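User: Could you take a close look at the charge pairs in this model for me? Start with one pair and go through it properly, then work outwards so I can see where it sits in the rest of the chain.

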Amino acid sequence: MASYLVKRVLMALLALLIITCVTFIIMNLVPGGPFMSEKAPSPEVLAALEAKYGLNKPIGEQLINYLKDVLRGDFGVSFRMQKNRPVIEIIQDLFPVSARVGLFAVINAVLIGIPIGCLAAYNRGKVLDSALRVVMTIGISIPSFVVATLLLILLSVNLKILPGMGLTDWRNYIMPCFALSFYPMCYIGRMTRSSMLDAINADYIRTARAKGLSSGRIIFKHALRNSLIPVVTYIGPMIAYLLTGGFVVETVFSIPGLGRYFIQSILNRDYPIIMGTTVFLAAFVIMMNLVVDILYKVIDPRINLSNGGEA
């Protein structure tokens, strides 16, 4: 177990290094720069700004300097959006906003997605199963920005029953949390149904039926646990994505979170914020994947992590 964790941590660090290097190089190869705007500065001013922030050096040297700073916990300062403010402070301020919305979305997706998948499997071939499959198919087919826009137009603009901007009240969380969780909720439901149907046909389920156990107990107690592994695989990265901010959803509802700010930083070519957010998001996703691998052992004790997760 210990050797497996060490191996995974080293692999995670390597993956994070590759992501950082690739993002940095691609970002700097795109034409333009953070100081180019409608009123472009004079060549002298532009040269002075590039020299101040080290942008006049070769890309390779800039990358090495950036990696050295990151190892010391320094992600640089904002070039434009919050000029000269440390990026780590910006992330610390904005991440809790995204995390609150994301946490409610995660809870909604898991607490609704798994039960509807179980209900669909339990009622296989019946009207309820068909209805739930239609809803789940629609949910994974419609992009989140479409769901967010429809909710905004219907509930905020037309019916005026929910506020459509900001997070000043508990009601402000309803639409963005639902829009953010609708796709993962339906995806989890489909995965749960599929895994549950596979588990139902297993030998141990036939044995449970032969012993006279009720169908409900077989489905929700015995089959569910063994069908959760593919669901957990998806939930790990999903949590990382939802907690760090649904970029489009935050933009639609004007939520001052990390996702919306990340989009603005790309439009403004604020390199340090782009890099800092990318590294933060990548590290979070990698960490959640590691947590998921450990949860495999909790869900199914037969899995041997030291052998790469094989039973």
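Analyst:
**Charge pairs, up close**

Arg 133 has a relative accessible area of 36%, so it counts as partly exposed. This is a predicted model, by the way, so read the values below as computed from its atoms.

The partner of Arg 133 is Asp 129: their side chains meet in a salt bridge, with 3.7 Å from N to O. That falls inside the cut-off, because a salt bridge here needs a side-chain nitrogen of Lys or Arg within 4 Å of a carboxyl oxygen of Asp or Glu. Now the other end of the pair. Asp 129 comes out at 0% relative accessible area, so it is buried. That puts a partly exposed Arg 133 together with a buried Asp 129. As for the spacing along the chain, the two sit four residues apart in helix 5 (residues 127-141), which means about one helical turn separates them. The general idea is simple: side chains of opposite charge can pair when their charged atoms come close.

How many salt bridges turn up in a search of the whole structure? Six. Arg 72 and Asp 69 make one of them, and here the closest N and O atoms are 2.3 Å apart. Arg 72 has 61% relative accessibility, so it goes down as exposed. Its partner Asp 69, at 24%, is partly exposed.

Next comes Arg 85 with Asp 93, where the closest N and O atoms are 2.1 Å apart. Both ends of this pair fall in the middle class: Arg 85 has a relative accessible area of 23% and is partly exposed, and Asp 93, with 43%, is partly exposed as well. There's a third member to keep in view, since Arg 85, Glu 89 and Asp 93 are linked in a network of salt bridges.

Right beside Arg 85 in the numbering there's a backbone detail. Asn 84 has a phi near 70 degrees, a positive value in a residue that isn't glycine. For context, most residues other than glycine have a negative phi. Asn 84 belongs to the loop between helix 3 (59-71) and helix 4, and its relative accessible area of 37% makes it partly exposed. Ser 254 does something of the kind: it isn't a glycine either, yet its phi is positive, at about 55 degrees. You'll find Ser 254 in the loop between helix 11 (247-252) and helix 12 (258-267). Its relative accessibility is 21%, so it counts as partly exposed; the buried class would need a value under 20%.

Helix 4 (residues 87-122) also carries Phe 104, which is partly exposed at 44% relative accessibility. If you want a distance to the start of the chain, the C-alpha atoms of Phe 104 and Ala 2 are 33 Å apart in space, with those positions 102 residues apart in sequence. Compare the case of Phe 280, in helix 13 (residues 271-299): Phe 280 and Leu 16 are 264 residues apart along the chain, while their C-alpha atoms are separated by 9.6 Å. Phe 280 is partly exposed, at 26% relative accessibility.

Away from the charges, there's a nonpolar patch on the surface made of Leu 14, Leu 17, Ile 18, Val 22, Ile 26 and Val 30, with about 510 Å² of accessible area together. One of its members, Ile 18, lies in helix 1 (residues 2-29) and is partly exposed at 47% relative accessibility.

For helix packing, look at helix 6 (residues 144-158) and helix 7 (residues 174-200). Two packed helices are described by the angle between their axes and the distance between the axes. In this pair the angle is about 150 degrees and the axes are 9 Å apart. Angles over 145 degrees count as roughly antiparallel, and helix 6 and helix 7 therefore get that label. The crossing of helix 6 past helix 7 is right-handed.

Finally, the setting for all of this. The protein chain has 13 helices and zero strands, and its C-alpha trace spans about 85 × 60 × 30 Å along the principal axes. Of its 311 residues, 42% are buried, and Asp 129, where the first pair ended up, is buried too.

Note on methods:
Residues numbered from 1 in each chain as written. Predicted model: local features only at pLDDT ≥ 70, side-chain atom pairs only at ≥ 80, totals over all residues. Heavy atoms only, no water. Patch = residues over 30% accessible without salt bridge, like charges linked within 9 Å, V, L, I, M, F, W, Y side chains within 5 Å. Areas by Shrake-Rupley, 256 points an atom, 1.4 Å probe, with all protein chains shown as cover. Buried < 20%, exposed > 50% of the residue type's maximum accessible area, 1.4 Å probe, protein only. Axes fitted to C-alpha atoms, helices over the stretch in contact; angles between N-to-C directions. Parallel < 35°, antiparallel > 145°, perpendicular 65-115°, else oblique. Left-handed = near helix turned anticlockwise from the far one by under 90°.
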